[in-house]
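I opened a new page for this structure. These are my notes on what I looked up, in the order I looked.

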Amino acid sequence: MMLTALNDFARERGLTDDPLYEVKPVDFFVRISAKGKFVALESTAGEDGRGKPMPVPRLPQRSVNIAAGFFADNPKYVLAYEKEEPKTKAGGVEKRLARLEAFLKSVREVAAETKDPEARAVEAFLANEAERRKVLAERDAEEWTGSEMLVFVVGDATTPVHQNPWVRACWARRSGEQRAQGRKALCLVTGREGVVAVTHPKLKNIPEAQSSGAALVSFNAPAFSSHGLEQGDNAPISQEAALGYVLALNDMLRRTEQRRFRQGIQLADGSVMVFWTRASASEESLLLSWADPTEADLQRFAESPLRGLEPGKLDDRAFYAVTLAGNAGRVAVRDWFESRVGEVKQNIRRYFEDLRIGNAPAGPIPVYRLLKAVEAPSGRGLSPDVATRMFGAALRGQPFPRQLLAASLDRLRLPPSDERFEREQLRLRVALIKATLLRLPRSGTAPLEVTVSLDKSNDSQPYVLGRLFAVLERLQGAALKDLNATIRDRYFGAASRNPVTVFPRLIQLSVHHASKAGENGRWLERVKGEVMALLPSESPFPPVLDLKDQGLFAVGYYHQREAFFTKREATATPAEAEASST
Amino acid sequence: MTSTADRRFRVRARGPVACFTRPEMKVERVSYEVMTPSAARGVLEAILWKPAIRWHIHEIAVLAPVRWTSFRRNEVNSKATVGKFDYAADEDRAQRNTVALRDVDYVITASFTLVPGKTGPEDNARKFEDMFERRLERGQSFHAPYLGCREFAARVEPAERGLLPHESGQGRRPLGLMFYDFVFDVPGEPVRPEFFQAFLEDGVLRVPPRAQVLGGGVP
């Protein structure tokens, strides 16, 4: 279904309208006279220094083989250019000459076939080594890279030779003939009969894949094929459909000025999630800006929260998402998701609701920032697919991987490494804990109540203990001001795991702190009393908290701490402002 | 003696992981959403198969919601070769990703026919029907039944009445072209795969008869 959906996308957006041509930036026009003499090398580079995009006959797939383009290619083929000193091949023919010969062959055939004067001029030019050298001499040797795209223009013409109707007709016929040589079968993607693609075109810009491109459908070792079938016959897909799905994916994976992937979200280092809808392009970009906001998007959201995600008339359209990861020469599908636009909007909205915590403005947090906040500084610790699984869960409205809860708690137990980002990091970690807790898979039991900000009526023991810890930390801060290691740095982990071993001591300590802290201390003592009143009197401190309760502890701690900050911002007395600076 | 058994067996097959690999994504495996007919045939053949019988799958009911999981494993690039013993897997490895199904639960409705020319004088459909029933009740099998890949073992038992598909009452949903089976038995022709348009109707995949798929496929 995935390839079918991609192929449909390519057709609907008109990507396959011209399967014989592809739009590529052309760097130079090689202007020649009608006799095939070199006239000028005209750069088409615009202000950005890049060539002008225009349709050129689709280039063949190349790796180490020699396969020439049709009337348009790079200087290696057009001019027999070679950066290094030419090496003699075992066959006796230099590789650079073999390339030129391959390019010249099709030109010669077209010239003979059509008797077109422009094609003949190109033939004459290519056959003449002195003229070819003149082109190379137009630029410094260092300037040539070997990958410039060159096309020909003859005389005073403004359109290149490959656009000439005779040449175009020739290209169409040659491509048709070549294609008809393949084996016919029922196409897995379209359900119609077609000529099977033996190998598929490659996907570009997939993380961790070869930079020259990697194939999604390929069978490159004996273990991958069945019943003696070879290459594309293992999965009969017509050439049109193979081109269609690749064009669709390449279009979505294209790099743009704002984004690394035009319509994709980078998940962790190794994978990218692309998505598309059967709705409109604007709907897609809206969903994209929610899931992976840029700075400009964040500003817009601050002004108009949730607008645009209201139910719309396109909500019934199909929504598809696929997570791809590179594996050297191959591309692997990590996750595949199919739904309706409306459902996805609902799930994305819930995802952000679940993540909202404290008084911070509601707004999307990019996934990579969330995961960075819970990752160990070494970058290790989270399994590589955790981002994929988390985002998949967000789109489906399912529980988050439990690993995230453990990872964020681990990070909270360690003293902060960098004070500058501390508050933001803490918020992200606790937000993730909160969302994970809210989505814990439950069977029958009442849903866990975790609120956005301080909930004074919540008397669940871990939550209250978390609050108490924040009060104690505050008391210490008010009493002792500058400290190298606060009780949070020393005791947070122990307090959240085994409260009974730590809390009695901390309470004792806090009495001393309170007496030192003066006016502020008396107020904090009152808060402490209020919080402790919520604990059961017979065993206020349980010996052990499990992972879920440790999460609640962290949320309680964060809520209480944020409440102190808000208090200061609202009624900032000088003493309090000073006390809170620790 | 009849050549066709009209008895329909209902077999429940479930397991924690299943992967009914799509042919186009065979290297980095991605499963179909629903068990394929050939995988269902494999489950039944694990319980009873003789050269004299051929299984036909009629329906596959999906009892559990479709859930996905993915993992990576180190696998090898070569196929096993008879008589080759000095093989070092470490030197022939490929890391491959699998997108598989979690917690699947199916009820397979199937029957079998006798293959003309393969039946012995004392073979009849009744005999094989009873054999199958007995083996299914006792949990006997020729090899461990599995869900798409050998490593994903299936729990197989007779299906009780009143099991409802997960999507019952939700109408018809296209699943796209699905692998039907390999065509093994055309003399002189290589083995070739066959596909059919699959739909989930109220949570049930109705499998067209073999003759229809072969007729509608490649001429």
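The entries below go through a sheet, the cores, some unusual backbone angles, a covered helix and a few single residues.

**Entry 1: the status of the model.** I note at the start that this is a predicted model.

**Entry 2: a sheet in chain A.** I looked up how strands 9 to 12 of chain A are arranged. They form an open sheet of four strands in the order 9-10-11-12, and the pairing is antiparallel. I then asked which strands sit at the edges. They are strand 9 (264-267) and strand 12 (330-340) of chain A, each of which pairs on one side only. From one strand to the next, the twist averages 20°. As a reminder to myself, strands of a sheet pair through backbone hydrogen bonds, either parallel or antiparallel.

I followed one pair in detail. Strand 9 and strand 10 (residues 271-277) of chain A are joined in the antiparallel sense over four bridges. Gly264(A) has Val274(A) in strand 10 of chain A as its bridge partner, and Ile265(A) stands opposite Met273(A) in that strand. The two strands make a hairpin with three residues between them. In its turn, Ala268(A) has a positive phi of about 50°.

I also checked what lies across the sheet. Helix 10 (residues 341-355) of chain A lies across strand 10, strand 11 (318-327) and strand 12 of chain A. Its direction is at about 100° to strand 12 of chain A.

**Entry 3: the nonpolar cores.** I asked which residues have the most contacts inside the largest nonpolar core. That core has 93 residues, and the ones with the most contacts inside it are Leu3(A), Leu216(A), Trp276(A), Met35(B) and Leu205(B). Strand 5 (residues 93-114) of chain B gives the most to this core, with nine residues. Domain 2 (182-253) and domain 3 (264-438) of chain A each supply at least three residues to this core.

I picked Met35(B) for a closer look. Leaving out residues up to four places away in sequence, Met35(B) touches nine residues' worth of names on my list, including Phe20(B), Ile60(B), Tyr106(B), Met178(B) and Leu205(B).There is also a second, separate core of 80 residues, which includes Leu405(A), Tyr463(A), Tyr557(A) and Phe564(A).

**Entry 4: positive phi values.** Most residues other than glycine have a negative phi, and most peptide bonds are trans. I therefore looked for exceptions to this. Glu208(A) has a phi near 70°, which is positive in a residue other than glycine. Glu208(A) is in the loop between strand 8 (193-195) and helix 7 (239-253) of chain A. Is Glu208(A) buried or exposed? Its relative accessible area is 57%, so Glu208(A) is exposed, the cut-off being over 50%.

Asp202(B) is not a glycine either, and its phi is positive, about 50°. Its place is the loop between strand 8 (192-201) and strand 9 (204-206) of chain B. Asp202(B) has 34% relative accessibility, so it counts as partly exposed.

**Entry 5: a covered helix.** I turned to helix 1 (residues 2-12) of chain A and asked how many of its residues are buried. The number is eight of eleven, so I wrote the helix down as mostly covered. Among the buried residues of helix 1 of chain A are Leu3(A), Leu6(A) and Phe9(A), and also Asn7(A) and Asp8(A). Just after this helix, Gly14(A) takes a positive phi of about 75°.

**Entry 6: two single residues in chain A.** Glu131(A) belongs to helix 5 (residues 129-137) of chain A. Its relative accessible area is 4%, so Glu131(A) is buried. Apart from neighbours within four places in sequence, Glu131(A) is in contact with Gly36(A), Lys37(A), Phe38(A) and Phe125(A). Between Glu131(A) and Phe400(A) I noted 269 residues in sequence and 66 Å in space, C-alpha to C-alpha.

Ala34(A) is in the loop between strand 2 (28-32) and strand 3 (38-43) of chain A. At 62% relative accessibility, Ala34(A) counts as exposed. Not counting residues up to four places away in sequence, Ala34(A) touches Ala121(A) and Val154(A). Ala34(A) and Glu422(A) are 388 residues apart in sequence and 71 Å apart in space, C-alpha to C-alpha.

**Entry 7: cysteines.** I asked how many disulfides there are over all chains. The count comes to zero. I also looked up two cysteines. Cys170(A) has 1% relative accessibility, so it counts as buried. Cys187(A), at 1% relative accessibility, counts as buried too.

Technical notes
Residues are numbered from 1 along each chain as its sequence is written. Chains are lettered from A and ligands numbered from 1 in the order in which they are written. This is a predicted model: local features need pLDDT of at least 70, side-chain atom pairs count only at pLDDT 80 or more; totals for chains, interfaces and linings use all residues. Side-chain values use heavy atoms; hydrogens and water are left out. Two strands pair if DSSP finds at least two bridges between them. Axes are lines fitted to C-alpha atoms, for helices over the stretch in contact, and angles run from 0 to 180 degrees between N-to-C directions. Contact means heavy atoms within 4.5 Å. A disulfide is a pair of cysteine sulfur atoms within 2.5 Å. Buried means under 20% relative accessible area, exposed over 50%, partly exposed in between (1.4 Å probe, protein chains only). A nonpolar core is a set of buried Ala, Val, Leu, Ile, Met, Phe, Trp, Tyr and Cys residues joined through side-chain atoms within 4.5 Å. Domain bounds come from an automatic or database domain assignment.
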